[in-house]
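Work through these exercises with the sequence and the 3D view side by side. Try each task before reading its solution.

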Amino acid sequence: MSDLTLNVYSEHFIDLSIYQSGIEHCDAGHSFGPARREHYLFHYALSGSGTLYAETSSGSTATHEISAGEGFLIYPQQLATYVADADDPWAYTWIEFDGLRVKECLEQTSLSESHPVFRPLAEDQAAQMVREMTYIAEHPEASIIDIIGHLYLFFDHFVRSAQLDAAPRTRKMRDYYVNAAVGYIEKNYHRKITIEEIAAICGIDRSYFGKIFHDAVGHSPQEFLMRYRMIKASELLKHTDMSITDIASAVSYENPLHFSRAFKKVQGVSPRSWRNQHRVD
């Protein structure tokens, strides 16, 4: 039977957030999938080998052989299956993560949906990356701030170890618009704001704004706004005695039922259940 360590995180952040981490020493032929994930999922093979079957950008399925010292990145909504070798099954560590800057940073690397295999271009950075992944997986009792700190270090080493020499490093107008939009959302999430209003603040057309925001963040402006509101609602549920109705109003939902549906879509459980699980006395 596989030896599994699994950690699940329920407190999430905007810029960079962790959803799962773990280490598994797999049995021969052990498989997972086919499945799609909501977030980015990175595995690194510590020993042994296995096979990844991953959907490409064109919709076909590609087969990738993975050995110790290599890894693979599964993208959000990418259909994938991975199987441990029958003779030399792998042990791997993994992190499921997402955030505002993830998509943009990954564009600087050699990785893509059609080329998901991680073969480090900088061995020293990869070694530090693995240390951070192992720390996160082996410290489930650590505070979320400690875990997020190590997650930032993991992601920095990960990107550096897979970064192309020709990766663009110049800031673009897209960055300015996206930063302005996120800043406006952070200051005004508690009131009724529209995507048209945010685009107008940036001084650009709504459709163009929607495109560059999605390209940079990986979510539409509407979805990002909803997720930000639910993260703020989570903070109120955890740290205050406010009623569900008052919390809904605090994040600009007049109808508590609509708020509860949105919250469950983001956090996976109802606001009341989330509070019972995470309340800080």
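**Exercise 1. Give the strand order of the open six-stranded sheet, then find its edges.**

Solution. Start with the order: β1-β2-β9-β4-β7-β10, with antiparallel pairing. Strands here are DSSP runs of E with at least two residues, helices are runs of H or I with at least four, and both are numbered from the N terminus. Two strands pair if DSSP finds at least two bridges between them. Now the edges. β1 (3-8) and β10 (117-118) each have a single partner strand, so one side of each is left without a neighbour in the sheet.

This is a predicted model: local features need pLDDT of at least 70, side-chain atom pairs count only at pLDDT 80 or more, and totals for chains, interfaces and linings use all residues. Residues are numbered from 1 along each chain as its sequence is written, and side-chain values use heavy atoms, with hydrogens and water left out.

**Exercise 2. How many bridges join β4 to β9, and which residue in β9 does Ser-47 face?**

Solution. Take β4 (residues 40-47) and β9 (residues 91-98). They run antiparallel and are joined by seven bridges. Next, look at Ser-47: Ala-91 in β9 stands opposite.

**Exercise 3. Name the strands that helix α2 touches, then those that helix α3 lies across.**

Solution. Begin with α2 (residues 123-138). This helix packs on the sheet and touches β1, β2, β4, β9 and β10. Contact means heavy atoms within 4.5 Å. The direction of α2 makes about 95° with that of β2. Axes are lines fitted to C-alpha atoms, for helices over the stretch in contact, and angles run from 0 to 180 degrees between N-to-C directions. Move on to α3 (residues 144-161). It lies across β2, β4, β7 (71-74), β9 and β10, at about 105° to β9.

**Exercise 4. Describe the largest cavity: its volume and its lining.**

Solution. A cavity is a set of points on a 1 Å grid over the protein atoms alone, where a 1.4 Å probe fits but cannot get out; lining residues have an atom within 4 Å of a point. Grid points are joined across faces, edges and corners, and a volume is the space filled by probe spheres set on the points. The largest cavity has about 180 Å³. Its lining has 15 residues, with Phe-13, Tyr-19, His-219, Arg-227 and Ile-231 nearest the centre. Helix α7 gives the most, three residues.

**Exercise 5. Which strands each supply at least two residues to the lining of the second largest cavity?**

Solution. This cavity holds about 40 Å³. Its lining includes Phe-32, Ala-35, Ala-80 and Tyr-82. The strands are β3 (31-35) and β8 (80-84).

Notes:
1 Å grid on protein atoms, 1.4 Å probe; cavity = no way out; pocket = protein on both sides within 12 Å on 5 of 7 lines; lining within 4 Å.
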